[in-house]
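I opened my notebook to look around a structure that was new to me. Here is the model I had on screen.

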Amino acid sequence: MATVTASLPLRAAARAGPAPSRAPPSDAAFFPGRPWQRGLAARGRPREPAGWFRAEALSGGGGGGPPRREPMAPPYNVLITGSTKGIGYALARKFLKAGDNVVICSRSAERVESVRNDLKKEFGEQHVWGTVCDVREGKDVKALVDFARDKLEYIDIWINNAGSNAYSYKPLVETSDEALIEVITTNTLGLMLCCREAINMMWNQPRGGHIFNIDGAGSDGRPTPRFAAYGATKRSVVHLTKSLQAELQMNEVNNVVVHNLSPGMVTTDLLMSGATTKQAKFFINILAETPDVVADYLVPNIREIPTNQSMKPTYIRFLTGLKAYSRIFSRIAFGARRNKYVAED
């Protein structure tokens with residue numbers, strides 16, 4: 001199921017003769033003076049709206065037609081946060097198997113080094129790079145962008161996978177300050193910092209780019225008892241994605257698209273650490289899949305978007321409602337997947 005929001009077309013800049021007399025764009029009240037363009041200019045990038053820059057750079061500034069965006073073609077340059085284990089690592093391996101180039105990152109220098117070396121042995125020296133990045137720190141995320149530019153020049157696909165529940169499954173009233181800060185700064189602040197820097201990077205790329213924000217339990221608005229803070233942060237992922245889609249549209253930036261990615265329940269350390277109740281074990285056995293199985297589905301669907309030159313926001317889901325209900329029915333009717341991952345008795 002895909003949720004699609006159309007983007008506004010880019011405008012070619014009029015470089016000759018007096019500027020036409022017209023009313024300001026309807027989004028002027030929301031974006032007076034295009035503040036993010038001022039921010040980009042302060043970093044040494046063009047002051048003009050992204051659409052105007054794209055028109056001059058790709059159409060030669062001559063007008064006479066809509067601006068052109070450089071088409072994307074594989075192999076793709078992919079950056080994945082939180083990619084030294086779990087679903088992030090499985091996604092990295094699947095992209096590499098498809099022939100793409102991948103930047104991995106993690107807070108742990110030791111894990112980055114170990115995983116990078118393993119992947120290099122399997123896929124070659126010139127296809128995988130790794131660096132340390134704590135997504136909670138703006139300076140780290142900026143350094144990640146600089147690292148990616150240095151190694152690959154541009155990024156086509158940026159996947160925001162880094163997330164945490166502090167390995168804490170208990171009522172909110174029993175949750176420590178440290179655990180709450182860990183969850184919120186990683187899942188919410190970290191995601192915002194990564195989206196900001198990814199957009200700043202991609203809007204000025206000839207090929208543009210695609211950003212994928214990974215959701216999680218709670219993103220559909222259902223309650224998440226025993227990990228309420230985590231569920232609240234994942235609910236905010238969907239809202240942030242929609243808001244960024246609207247901001248890009250209102251700023252007439254149509255060479256960068258923000259999508260949602262839903263892996264469903266994945267048998268990661270994060271999920272399995274919560275398999276301590278009868279209900280949790282029941283649903284993990286019925287609905288969860290291994291990281292490799294989920295990545296085998298998600299990566300071809302992600303790659304299909306730039307391959308088809310699509311610039312429409314999508315919501316890619318592995319565990320759809322129909323699939324979930326079908327598995328629950330099979331379990332009740334036939335006992336399917338009993339004790340598949342954890343013993344329920």
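My entries below go from the core to one residue and its partners.

Ground rules: I am reading a predicted model, in which local features need pLDDT of at least 70 and side-chain atom pairs count only at pLDDT 80 or more, while totals for chains, interfaces and linings use all residues. I number residues from 1 along each chain as its sequence is written, and side-chain values use heavy atoms, with hydrogens and water left out.

Entry, core. I looked up the largest nonpolar core (buried Ala, Val, Leu, Ile, Met, Phe, Trp, Tyr and Cys residues joined through side-chain atoms within 4.5 Å; buried is under 20% relative accessible area with a 1.4 Å probe, protein chains only). I found 34 residues there, and Leu91, Phe95, Ile159 and Ile302 touch the most other members. Among the elements giving it two or more residues are helix 3 (86-97) and strand 4 (157-160); helices and strands are DSSP runs (H or I, at least four residues; E, at least two). I also noted a second, separate core of 31 residues, which includes Val103 and Trp203.

Entry, Glu344. Is Glu344 buried or exposed? I read 15% relative accessible area, so Glu344 is buried. I placed Glu344 in the segment after helix 11 (321-334). Beyond four places in sequence, its contacts (heavy atoms within 4.5 Å) include Lys281, Asn285 and Arg331. The side chains of Glu344 and Asn285 share a polar contact (N or O atoms within 3.5 Å, one able to donate a hydrogen and the other to accept it; residues adjacent in sequence count only if both atoms are side-chain atoms) of 2.7 Å.

Entry, Arg331. I found Arg331 in helix 11, buried at 5%.

Conventions:
Buried < 20%, exposed > 50% of the residue type's maximum accessible area, 1.4 Å probe, protein only.
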